[in-house]
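Please examine the sequence and the three-dimensional structure shown below. The paragraphs that follow lead through them step by step.

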Number of protein chains: 2
Amino acid sequence: MSKSSIPKGTRDFLPNVMAKRNFIFETIKKSFQIYGFEAIETPAIENLKTLTGKYGEEGDQLLFKILSRGEKFDSAVESVVDKESRGAKEHHLCDLALRYDLTVPFARFVVQNQNEISFPFRRYQLQSVWRGDRPARGRYREFVQCDADVVGTDSLVCEVELVQLIDEVLTNLGIPDFTIKLNNRKILTAIAEVVGESDKMMTITMAIDKLDKVGEEGVVKELSGRGVSDAAIEKIRSLFSLGLDAKKNLETISKFVQESEVGKKGLEELEFIFNTVEKIGLRSAKLEFDVSLARGLNYYTGAIFEVKANGVSIGSIVGGGRYDNLTGIFGLKDVSGVGISFGADRIFDVMEGLKLFPEASLNGTQLLFVNFGPQEEAYCLKLLNQVRKAGVSAEIYPKKAKMNKQMTFANRKGIKHVAMVGSEEVAAGNLTVKNMDDGSQQTLTIEQLISQLK
Amino acid sequence: MSKSSIPKGTRDFLPNVMAKRNFIFETIKKSFQIYGFEAIETPAIENLKTLTGKYGEEGDQLLFKILSRGEKFDSAVESVVDKESRGAKEHHLCDLALRYDLTVPFARFVVQNQNEISFPFRRYQLQSVWRGDRPARGRYREFVQCDADVVGTDSLVCEVELVQLIDEVLTNLGIPDFTIKLNNRKILTAIAEVVGESDKMMTITMAIDKLDKVGEEGVVKELSGRGVSDAAIEKIRSLFSLGLDAKKNLETISKFVQESEVGKKGLEELEFIFNTVEKIGLRSAKLEFDVSLARGLNYYTGAIFEVKANGVSIGSIVGGGRYDNLTGIFGLKDVSGVGISFGADRIFDVMEGLKLFPEASLNGTQLLFVNFGPQEEAYCLKLLNQVRKAGVSAEIYPKKAKMNKQMTFANRKGIKHVAMVGSEEVAAGNLTVKNMDDGSQQTLTIEQLISQLK
């Protein structure tokens, strides 16, 4: 007898959870399609060299690496101890690794299939990724990413459409109150440039990001501690007054970065997005300009997106941004792209917490035929076939059993209607149907039952 | 610059192929649901010890094994050379492996979640599996399995329903001509028993299986060469006359196995399935009793299923059977189950070969707005929003470009309608819409266009 457990940080999904997850995935996919994005899939396993060096040193360590097989393994294992570092040893023994995100495989895909696809290429991809992270609440070693990207154009129309798409998906999911935060990497670059500390962009950005938590003096202390000059800090202070009003913030930033070329470009981009979105209108999202938003500083070059569900203490549920050189690592230059990624697990937690899953989306089997024995079973199998042909999910308890047992089964599986066809019903050509919600019973013909259930 | 290629035996799926694959998967899922099966998912990675020893020695070698991480790897690699065999070395270095099929993880799932699920448990699962097989035409290292199983009952109603379910799925996919072959492991056991060669069941079964290819004398020669007695061979000869008529075959077999207890049981099972299916009726499948059908002899204990698409030279597209001790390996005894597995890649090949994919299922974006420049773009973005709100997949070319380039884009992406909104149309409040199939043009209001596209 083997032990039956799963690897830490992974999950079995039971039917009730699957139904909820599928509601999220289907809603996302549907909206992606309406916006003209097309599905692609890439293999779960990539050549190890495709993935290493793409996620920083820490990322390399979190890759799940797959052992070479057969004689290749035999010969590698003989000389593995001679290799110096852990990394070198791992590379010596392994040839493949599990996908760590969808972005690098997508970049590889675009380069490899560049003659097959039409640019600008709008693709979506919902697939699992794996990371050898320390598991924690809400952090898993296997989880699904839901990405939509447009590559092969630097048009800001794409940013506008992604804002609309986020609004569309989260509204369709029924999330009642959420804010799309927008920033631009060029503004962050400009701020550091304008205060004369271009090489300290990351430091300044990260300090400002903490304003909420540590207050003005805290930020000043951090900046000063990290070697930012007093003159620069004095200038940065004027940013502390930024609130949530996008228009006002844009004005403040406009004055701040007016002498920076890159700053003016960033501002122009932000203004285009805000103005165009305003003209089109959003269904329910709030759109904010948040100059402290600082995700993906290693790769984003323009817009930066993040979405927060308001009133729940769960981190961002969508993230994204523009990257100007996605495919450069695989030898294809000048392919600009912009994309967003929905965090399905966090969205699940938000929806579960707020009880947002619509009941209709969670229904499995609608009708169970009770099994009274071989005679009635043979009769019911024909009725069952008729019900299924009409598109109604139905089943029969596969063997005669005590009524109580069959009712308990229906209850546990969440089946709302139970058909009882005993010898009387067979003779009369009808069914006794019990509603499991309120316990009421009806005598119906099969046609009446079908039209009720449809 | 890294090299951008994928591991051998794996595939990138481009949008046009994804649309076809999704048509298959969605059709299968839909039918599974109508039959009361519920979705579950298990992790792609399982503990190595959960999988090893479950697929025979060859299977163990085909598992993709995942290296232990961090210090666990460091300490393992130091002493790996001391381990004797390849297997021991691999186990020393690895803690996880990729799923090899859906059956063993499902058994593990049932045992681990036995208090959460209701028996009889009808589950379906569509997930990828990985095997380090030598890649060949139609054989991949990563592929999707589509399984439906009922566990926790030995009722033959389940076998009947699985025959119906196969009929349902393949009819819905539009496969014009296919045969469900049915056999029973108990009959195979009985044949060997009746001819006095119980220990040569596999040999006899496999020899009979070759009747089509090598003829009667070929089978006799093989049986004789493998030590089956002349008396036994003489008795087996009477099976050579079996044709395709299920009823006639059942009669022949009935006489043949009448002195075998297990044979009579097998016959009873087959008769129940054939008679019940006959009463209910099938939509388009042919159902045959094929005594030479011999898949899964290591685990199937009752019914054995296999489906062949007629008129195409592609192997079986569905397989399955009953197993009486699925979960025994994980310590839960007496859980009988029966299941089927659809081979999506082979079904894809059949459908592609016969051009069976319905055009409607393959449509992506329905409408493209041509981009004439910033003014028209701003105007079109509002119309685009209106079209999408109506549930029509639509997009705008994200930047002004030559008409020819935008039309080529629409053509390559298979977009059927292109909306041209220049300054004239903006002034008149209408759109010029080109049908890309026949080149015809219409002038429409946005409302008219939407009602045409819906």
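How many salt bridges does a search of the whole structure find over all chains? The model is a predicted one, and the search finds 64 salt bridges in it. The principle behind such pairs is simple: side chains of opposite charge can pair when their charged atoms come close. A few examples show where these pairs lie.

One of the salt bridges is formed by R108(B) and D12(A), whose closest N and O atoms are 2.6 Å apart. R108(B) belongs to helix α6 of chain B, which covers residues 103–112, while D12(A) belongs to the segment before α1 (15–34) of chain A, so this pair joins two chains. Both R108(B) and D12(A) are buried.

A further salt bridge is found within chain A, where the side chains of E161(A) and R122(A) meet at 3.2 Å, N to O. Here E161(A) lies in helix α7 (residues 157–173) and R122(A) in strand β5 (residues 121–130), so the pair ties together parts of chain A that are 39 residues apart in sequence. Residues count as buried when their relative accessible area is under 20%. E161(A) therefore counts as buried, at 2% relative accessibility. R122(A) is buried as well, with a relative accessible area of 1%.

Chain B offers another case: K413(B) forms a salt bridge with E395(B), with 2.7 Å between the closest N and O atoms. Since K413(B) is placed in the loop between α16 (403–412) and β14 (417–420) of chain B, and E395(B) in strand β13 (residues 394–396) of chain B, the pair ties together parts that are 18 residues apart in sequence. K413(B) and E395(B) are both buried. These pairs also take part in a wider arrangement: R122(A), E161(A), R388(B), E395(B) and K413(B) are linked in a network of salt bridges.

Attention may now turn to a single helix, α8 of chain B. Why is this helix, which covers residues 185–194, described as largely enclosed by the rest of the structure? The reason is that 7 of its 10 residues are buried. Among them are R185(B), I187(B), L188(B) and I191(B). The elements that cover the buried residues of α8(B) include β7 (178–184), α9 (201–209), α12 (246–256), α13 (261–280) and β9 (303–309) of chain B. At the start of α8(B), a side-chain oxygen of N184(B) comes to within 2.8 Å of the backbone nitrogen of K186(B). Just after α8(B), G196(B) adopts a positive phi of about 80°.

The relation between the chains comes next. A turn of 180°, with a shift of 0.0 Å along the axis, lays chain B on chain A with an RMSD of 0.1 Å. The two copies are thus related as by a two-fold rotation axis. In chain B, the C-alpha nearest this axis belongs to I66(B), at 2.2 Å from it. The same surface serves both copies, as 100% of the contact residues of chain B recur in chain A.

Finally, the structure holds 4 cavities of 30 Å³ or more. The largest cavity contains about 1,000 Å³ of space. It is lined by 50 residues, and those closest to its centre are E41(A), L126(A), E41(B), L126(B) and Q127(B). The elements that give two or more residues to this lining are α1, β5 and β6 (142–151) of chain A, together with α1 (15–34), β5 (121–130) and β6 (142–151) of chain B.

How values were computed: Residues are numbered from 1 along each chain as its sequence is written. Chains are lettered from A and ligands numbered from 1 in the order in which they are written. This is a predicted model: local features need pLDDT of at least 70, side-chain atom pairs count only at pLDDT 80 or more; totals for chains, interfaces and linings use all residues. Side-chain values use heavy atoms; hydrogens and water are left out. A salt bridge is a side-chain nitrogen of Lys or Arg within 4 Å of a carboxyl oxygen of Asp or Glu. Helices (H or I, at least four residues) and strands (E, at least two) are DSSP runs, numbered from the N terminus. Buried means under 20% relative accessible area, exposed over 50%, partly exposed in between (1.4 Å probe, protein chains only). Contact means heavy atoms within 4.5 Å. A polar contact is a pair of N or O atoms within 3.5 Å; within protein, one must be able to donate a hydrogen and the other to accept it, and residues adjacent in sequence count only if both atoms are side-chain atoms. Copies are superposed by least squares on the C-alpha atoms of residues with pLDDT of at least 70 in both. On a 1 Å grid over the protein atoms alone, a cavity is a set of points where a 1.4 Å probe fits but cannot get out, and a pocket is an open set with protein on both sides within 12 Å along at least five of seven lines; lining residues have an atom within 4 Å of a point. Grid points are joined across faces, edges and corners, and a volume is the space filled by probe spheres set on the points.
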